[in-house]
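Please open the structure in your viewer and keep the sequence panel beside it. The stops below say what to select next and what is to be found there.

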Amino acid sequence: MARCFEDVREGEAIPPFVVEGLTRTDLVRYAGASGDFNPIHHDEEFAKMAGNPTVFGHGMLTAGFVARCVTDFVGAGNLRRYKVRFATRVWPGDTITCQGRVTRRYEDGGEKRIDGEVVALNQKGEAAVTGTFTAALPS
């Protein structure tokens, strides 16, 4: 459920969105939904020949998990900007915790907006994706 501008404070934590135990099936489902069938994400032998210990998750899948964290907080229709940077890979079995915080409240062009920072962390505490967002919230 989207928050109201008056109820959000700078420094406020965004509730986490957690994916426990990323599976190979998750990777294949994402490939089907996105059309990204790069074999490095589903073919064990191909991934190993490319120098990886196994297949790994699509960066955009992890970015999608982070987006879910944000839109759960602000509402999908209120998101105005979303920007991410890929930092490391996620692997089958990883638990991914997406979280963030509000960094700014302001008005722009007649909209009440917030800016925030977000991150997807694996179970080791390593950032897989970092990013920022802007949302316009209702009063």
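A residue counts as buried here when its relative accessible area is under 20%, and as exposed when that value is over 50%. Bear in mind throughout that this is a predicted model.

**First stop: two cysteines**

Select Cys 69, which counts as buried because its relative accessibility is 2%. Then add Cys 98, whose relative accessibility of 0% makes it buried as well. Are these two residues bonded or unbonded through their sulfur atoms? The sulfur of Cys 69 has that of Cys 98 as its closest cysteine sulfur, but the distance is 5.9 Å, which is too far for a bond, because a disulfide requires the two sulfur atoms to be within 2.5 Å. Cys 98, for its part, is in no disulfide, and the count of disulfides comes to zero.

**Second stop: the sheet**

Now colour the strands, and follow the five of them that form an open sheet in the order E1-E3-E4-E5-E2, with antiparallel pairing. At the edges are E1 and strand E2 (79-86), each of which pairs on one side only. If you compare neighbouring strands of this sheet, they are turned by 20° against each other on average, with direction ignored.

Stay with E5 for a moment and look at its two partners in turn. Toward E2, the antiparallel pair is joined by seven bridges; here Tyr 82 stands opposite Phe 133 in E5, and Arg 81 has Thr 134 in E5 as its bridge partner. Toward E4, the pairing is again antiparallel and runs over nine bridges, with Arg 113 bridged to Ala 136 in E5. E4 and E5 also form a hairpin with five residues between them, and in its turn you can select Gly 125, which has a positive phi of about 85°.

How many of the 10 residues of E5 are buried? Seven of them are, so E5 is largely enclosed by the rest of the structure.

**Third stop: the helix across the sheet and the core**

Next select helix H3 (59-74), which lies across E1, E2, E3, E4 and E5 and runs at about 140° to E1. With the helix and the strands both displayed, turn to the largest nonpolar core, which has 30 residues; the ones with the most contacts inside it are Leu 22, Phe 65, Val 74, Ile 96, Cys 98, Ile 114 and Phe 133. Two or more residues of this core come from each of strand E1 (13-19), H3, strand E3 (96-108), strand E4 (111-121) and strand E5 (127-136), and the largest share, seven residues, is given by H3.

To see one of these core residues in its surroundings, select Val 74: apart from its neighbours within four places in sequence, Val 74 is in contact with Ala 2, Ile 114, Phe 133, Ala 135 and Leu 137.

**Last stop: a threonine in a loop**

Finally, go to Thr 54, which lies in the loop between helix H2 (44-49) and helix H3 (59-74). Is Thr 54 buried or exposed? Its relative accessible area is 14%, and therefore Thr 54 counts as buried. Show its side chain together with that of Arg 24, and you will find the two joined by a polar contact of 2.8 Å. Beyond its neighbours within four places in sequence, Thr 54 is in contact with Arg 24, Glu 44, Ala 47, Trp 91 and Pro 92.

Note on methods:
Residues numbered from 1 in each chain as written. Predicted model: local features only at pLDDT ≥ 70, side-chain atom pairs only at ≥ 80, totals over all residues. Heavy atoms only, no water. Helix = DSSP H or I, 4+ residues; strand = E, 2+ residues; numbered from the N terminus. Buried < 20%, exposed > 50% of the residue type's maximum accessible area, 1.4 Å probe, protein only. Polar contact = N/O pair within 3.5 Å; in protein donor to acceptor, adjacent residues only side chain to side chain. Contact = heavy atoms within 4.5 Å. Core = buried A, V, L, I, M, F, W, Y, C linked by side-chain atoms within 4.5 Å. Pairing = 2+ DSSP bridges. Axes fitted to C-alpha atoms, helices over the stretch in contact; angles between N-to-C directions.
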